[in-house]
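Below is a walk through one protein chain. Keep the sequence and the structure side by side while reading.

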Amino acid sequence: MINIVLFGPPGSGKGTQAKNLVQKFNLKQISTGELFRENMSNETELGLLAKSFIDVGQLVPDHITIDMLIDELKKPTDTQGFIFDGFPRTRQQAIALDDIVRQHLAAEISVCLSLIVEDEVLVERLIERGATSGRTDDSDELIIRNRIKEYYAKTAEVADIYKEQNKYVEVNGVGEIDAIAENLYRAVESIEG
């Protein structure tokens, strides 16, 4: 079983590259962003709580995210593992994810793949996405910059955890989508060995 944490700031291409990894390795993507949007559009209790934080550019509190994640992991799947996209973002979430993967999958996190993209490129990508997607969190530059700032402030410690476990691999997130994907594939194949 391959369990990948796909890491990177908002706009780094996690969603696009997760789809490539899903196809290549027969994985199921669990995107916290998609879980939030699904729960918000269905106006679930968890979704309404998540929306109140997302709308002002803050990260959703751990207990809300974890509850959504566990619900998703309980669904049947015939895949060879999971990609966690957008989670963990804090030290506490990383510890919780290790416990969740052990308890619900009898496995562990295989690798943390981190997409590296300069801040100005992130802002440009998100503004462009906001213009076409209608997502309110991608239409205001101040909210975008706050999301990026919060990402760095809260996730540096998560990278350190995976570095300590020798499970952290940085991949340049700028360039041709296929070239970035190939670099990610090589990183996963190196841990499968």
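The text that follows takes the strands, then one helix, then two sets of annotated positions. The model is predicted, not determined by experiment.

Start with strand β1, residues 2-7, where six of six residues are buried. In a regular strand the side chains alternate between the two faces of the sheet. In β1, I2, I4 and L6 point one way, while N3, V5 and F7 point the other way. Both groups are buried, so each residue has under 20% relative accessible area.

Which strands pair with β1? One partner is β3, which runs parallel to β1 and is joined to it by five bridges. Another is strand β4, residues 111-116, also parallel to β1 and joined to it by four bridges. Individual residues can be located in this arrangement. N3 has F82 of β3 as its bridge partner. I4 stands opposite I83 in β3, and in β4 the bridge partner of I4 is V111.

β3 can be described in a similar way. Five of its five residues are buried. On one side these are G81, I83 and D85, and on the other F82 and F84, so that both faces of β3 are covered. Besides β1, β3 pairs with strand β2, residues 28-31, in the parallel sense over four bridges. Within that pairing, I30 stands opposite F84.

Next comes helix α6, residues 119-133. The helix has 15 residues and reaches 20 Å from its first C-alpha to its last, close to the 21 Å expected at 1.5 Å a residue. Which residues of α6 are buried? They are L122, V123, L126 and G130. Seen down the helix axis, these buried residues fall within an arc of 95°, so they line one face of α6. What covers them includes α7, residues 141-164. On the other side of α6, E124, E128, A131 and T132 are exposed. Just after the helix, G134 takes a positive phi of about 80°.

The remaining part concerns positions that an unreviewed UniProt entry annotates as "binding site". One such set consists of G11, S12, G13, K14, G15, T16, R129 and G175. From this set, K14 is in the lining of the largest cavity. G15 lies in helix α1, residues 14-25, and at 28% relative accessibility counts as partly exposed. Leaving aside neighbours within four places in sequence, G15 is in contact with Q29 and D85. D85 has already appeared as one of the buried residues of β3. G175 is found in the loop between β5 (168-172) and α8 (177-192). With a relative accessibility of 51%, G175 counts as exposed, because the cut-off for that class is over 50%.

A further "binding site" annotation from the unreviewed UniProt entry covers T32, R37, Q58, L59, V60, G86, F87, P88, R89, Q93, R135 and R147. Where do these positions lie relative to one another? They span 116 residues in sequence and their farthest two C-alpha atoms are 25.2 Å apart, so they do not all gather at one spot. The lining of the largest cavity takes in G86, F87, P88 and R89 from this set.

Two members of this set can be followed in more detail. Q58 sits in the loop between α3 (45-54) and α4 (62-73). With a relative accessible area of 39%, Q58 is partly exposed. Not counting residues up to four places away in sequence, Q58 touches F53 and E150. R89 is in the loop between β3 (81-85) and α5 (91-105). Its relative accessible area is 21%, and R89 therefore counts as partly exposed, since buried requires under 20%. Beyond its neighbours within four places in sequence, R89 is in contact with L59, K154, T155 and V158. L59 is itself among the positions of this annotation.

Notes. Residues are numbered from 1 along each chain as its sequence is written. This is a predicted model: local features need pLDDT of at least 70, side-chain atom pairs count only at pLDDT 80 or more; totals for chains, interfaces and linings use all residues. Side-chain values use heavy atoms; hydrogens and water are left out. Helices (H or I, at least four residues) and strands (E, at least two) are DSSP runs, numbered from the N terminus. The expected span of a helix is 1.5 Å times one less than its number of residues. Buried means under 20% relative accessible area, exposed over 50%, partly exposed in between (1.4 Å probe, protein chains only). The arc is that of the directions from the helix axis to the C-beta atoms. Contact means heavy atoms within 4.5 Å. UniProt positions are given in the numbering used here, feature names are shortened, and annotations may be inferred rather than shown by experiment. On a 1 Å grid over the protein atoms alone, a cavity is a set of points where a 1.4 Å probe fits but cannot get out, and a pocket is an open set with protein on both sides within 12 Å along at least five of seven lines; lining residues have an atom within 4 Å of a point. Two strands pair if DSSP finds at least two bridges between them.
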